[in-house]
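Student: Could we go through this model together? I'd like to start with the overall picture and then turn to some single residues.

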Amino acid sequence: GAAEVLRRLETARAAGVTAIREMGAQRDVAGLAAPGRPKVLRAGRHIARYKRYIRHLAVDVEPAELAGEALRQAARGDGWVKVVGDWIDRSEGADSDLRPLWPREALAEAVAAAHVALHAFAVETVDDALEAGVDCIEHGSGMTRDQMVEAAARGVLVDPTVCQVATFADIASRAGRYPVYRRRMLDMHARRVERLALMVETGTLFLMGTDTDGGDPTRILPVEISAAVAAGMPAGVAMAAASYAGRRRLGLPAWQEGAPGDVVVYAADPEEEIAEVARPSRVFVDGVPVSGNADGAPGTLGGRSST
């Protein structure tokens, strides 16, 4: 309910999050906007196909309905929609694997209707995403170097969800009935550090997001940032993507005349010691101090946060 959403907003704020791109929620949070709370870019509900995503989480449609549903969900939010680009197709028995949900043409029609953030694990899904012109790729765990170069050239944003990709081995361990899918997930897990390094090398336009439903209290933005740095992302790249660069990429004002005074203050430079990102001394929203204290101890952390 509303009380739980407010708890998560307050938790995010205490962790130093002043703007959230909410990528697919079943509850519309527009009525909870208020001075001093993090700003939320809303995306309506996930869009998927029947039996091709987490049960009850998405609106299930067929390809011919995708563009219309994207338009409806965009109207519920701030112009963004979250489309599930691939998921395991269990109808193939032991040969089941990740398969794209949509023909490329249907995806292109959805892009014409809204800003699309596409859940994309598999390499073949990314080809369709780039040709369709999606605005953002969520995960990108199967991307090749050529795809990364093309995404950067097209201005496509990428949210690498480092903590989520780190769970792929665990997901594979529960997929014994589907050996092809299991091998795919294990391969993406094994290559995750190498792939993140390639993303950095090719100038990927990063966003930093947590990809969590709020049930895991360890999945907060400072943890995601620290995990990305531990996996090889330069601290400066991670901090920029989680703050001023990420805001600009989403069309939010950052460091410029007349921008909101959304500022997070640390006792030491997180780019020198990334663990500092979990210890904000002060959090300001619209120029007003809303969290933190003089000794640098933040409020209780937990719940969901995202760039």
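Student: What is the mean pLDDT of the protein chain?

Tutor: The mean pLDDT is 90, and 93% of the residues reach 70 or more, where pLDDT is the predictor's confidence in each residue, from 0 to 100. This is a predicted model, in which local features need pLDDT of at least 70 and side-chain atom pairs count only at pLDDT 80 or more, while totals for chains, interfaces and linings use all residues. Residues are numbered from 1 along each chain as its sequence is written, and side-chain values use heavy atoms, with hydrogens and water left out.

Student: And where is the pLDDT below 50?

Tutor: That applies over residues 294-307, a stretch that nevertheless has 60 contacts in the model beyond near neighbours in sequence, a contact being heavy atoms within 4.5 Å. Where pLDDT is low, the predicted coordinates should not be read in detail.

Student: How many helices and strands are there?

Tutor: The protein chain has twelve helices and 14 strands, taken as DSSP runs (H or I of at least four residues for helices, E of at least two for strands) and numbered from the N terminus.

Student: What does the radius of gyration say?

Tutor: The protein chain has 19 Å, which agrees with the value near 19 Å that a compact globule of 307 residues would have; the radius is taken over C-alpha atoms, and the globule rule is 2.2 Å times the number of residues to the power 0.38. Along the principal axes, the C-alpha atoms fill a box of roughly 60 × 40 × 35 Å.

Student: What share of the residues is buried?

Tutor: Of the 307 residues, 51% count as buried, meaning under 20% relative accessible area, with exposed over 50% and partly exposed in between (1.4 Å probe, protein chains only).

Student: Switching to single residues, where does proline 179 lie?

Tutor: Proline 179 lies in helix α8, which covers residues 179-190, and proline 179 is partly exposed, with a relative accessible area of 32%. Between proline 179 and glutamate 10 there are 42 Å in space, C-alpha to C-alpha, and 169 residues in sequence.

Student: What about phi of lysine 51, positive or negative?

Tutor: Phi of lysine 51 is positive, near 65 degrees, whereas most residues other than glycine have a negative phi. Lysine 51 sits in the loop between β3 (47-48) and β4 (59-60) and is exposed, at 63% relative accessible area.

Student: And histidine 56, buried or exposed?

Tutor: Histidine 56 counts as exposed, at 60% relative accessibility; its place is in the loop between β3 and β4, and its phi is near 70 degrees, again a positive value.
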